[in-house]
Amino acid sequence: IAAEIGKLEKLKTVSDMAASISHEVRNPLTVTRGFLQLLRDPDLTEKEKSNYIDIAVGELDKAESTISDYLTFARPSLENIKVLDLKKELTYAVKVVEPFAAMNNVCIELQLHADVSVAGESQKLHQCLINLTKNAIEAMPDGGKLVIALQKVNGKAVIIVADTGVGLTDEQIERLGTPYYTTKEKGTGLGTMVIFSIVKAMRGEIEVDSEVGKGTRFTILLPVAEAI
Ligand code: ADP
Ligand code: MG
């Protein structure tokens, strides 16, 4: 099943997003505040205390990921554009997610088949790659293989991120990139929106191929930039 996703019409305008950030961050802060207040109770058992602390920390983590996802979205235009060597960028991204992969019994295979450069902002490209690989790893709860490949096809740079995870239905593929669409208990539903917004800013395209129970492949096509 393949679906081409270049459409960002689903996305709200930046100002709408800015307005909803306060809501999205306030919720976990309110929950955290509530549990910190509860911790004042001297009659709590150790188990209750530890449970409240876990919830508070989990909510703060959620607020933190919401903020970092929004920060990218609030400035989707690329401000600090450089020619980026994709071999270097992919190698860096793999280094960052490697511990998370290892923790989840996921083995990463990096296949650098081409020397190719694109124009973009290194930090944003990293965030895009990290969001993609994080989702891929999270889709493999019992471990698996994550292939990250770089090719040059028809004059375009092609980045493939393929997992052996749970896969997506057609309906789910359609919903990718919609703000707050998540199937995870602690998900923000902002990761794919950020991916799409960065790829769009780099004048690229995304294709998603997936089979339920088999895995998912994201293919990102980017215009090539001449290395300086
Ligand atoms: P979050 O990761 O916080 O849930 P995302 O926007 O990153 O939010 O992803 C939205 C949803 O898309 C996920 O909850 C998941 O259901 C689905 N998804 C994204 N990437 C994959 C993947 N590689 N395999 C399976 N499902 C995926
Ligand atoms: Mg995600």
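How many of the 11 residues of α6 are buried? The legends below describe a predicted model, beginning with this helix.

**View 1. Helix α6 and its surroundings.** Of its 11 residues, 10 are buried, so α6 is largely enclosed by the rest of the structure. The buried residues are Gly191, Thr192, Met193, Val194, Ile195, Phe196, Ser197, Ile198, Val199 and Ala201. After the helix comes Arg203, with a positive phi near 60°.

**View 2. The largest nonpolar core.** This core holds 39 residues. Leu86, Cys128, Ile198 and Val199 touch the most other members. Helices α3 (86-103), α4 (122-138) and α6 (191-201) are among the elements that each supply at least two core residues. Strands β5 (144-153), β6 (156-163), β7 (205-211) and β8 (215-223) each do so too. The largest contribution comes from α6, with 7 residues.

**View 3. Contacts of Val199.** Val199 is one of the buried residues of α6. Leaving aside residues up to four places away in sequence, Val199 touches Cys128, Gly204, Ile206 and Ile220. Of these partners, Cys128 is also listed with Val199 among the core residues that touch the most other members.

**View 4. The shell around ligand 1.** Around ligand 1 lie 21 residues. Asn135, Ala139, Thr182, Gly187 and Gly191 come nearest. Two elements, α4 and α6, give two or more residues to this shell. By class, the shell has 8 nonpolar, 11 polar and 2 charged residues. Gly191 links this view to View 1, being one of the buried residues of α6.

Methods. Residues are numbered from 1 along each chain as its sequence is written. Chains are lettered from A and ligands numbered from 1 in the order in which they are written. This is a predicted model: local features need pLDDT of at least 70, side-chain atom pairs count only at pLDDT 80 or more; totals for chains, interfaces and linings use all residues. A nonpolar core is a set of buried Ala, Val, Leu, Ile, Met, Phe, Trp, Tyr and Cys residues joined through C-beta atoms within 7 Å. A residue is buried if 20 or more other C-beta atoms lie within 10 Å of its own, exposed if 12 or fewer, and partly exposed in between; C-beta atoms are placed from the backbone. Helices (H or I, at least four residues) and strands (E, at least two) are DSSP runs, numbered from the N terminus. Two residues are in contact if their C-beta atoms, placed from the backbone, lie within 7 Å. A residue is near a molecule or strand if its C-beta atom, placed from the backbone, lies within 6 Å of it. Ala, Val, Leu, Ile, Met, Phe, Trp, Tyr, Cys and Pro count as nonpolar, Asp, Glu, Lys and Arg as charged, and the others, Gly among them, as polar.
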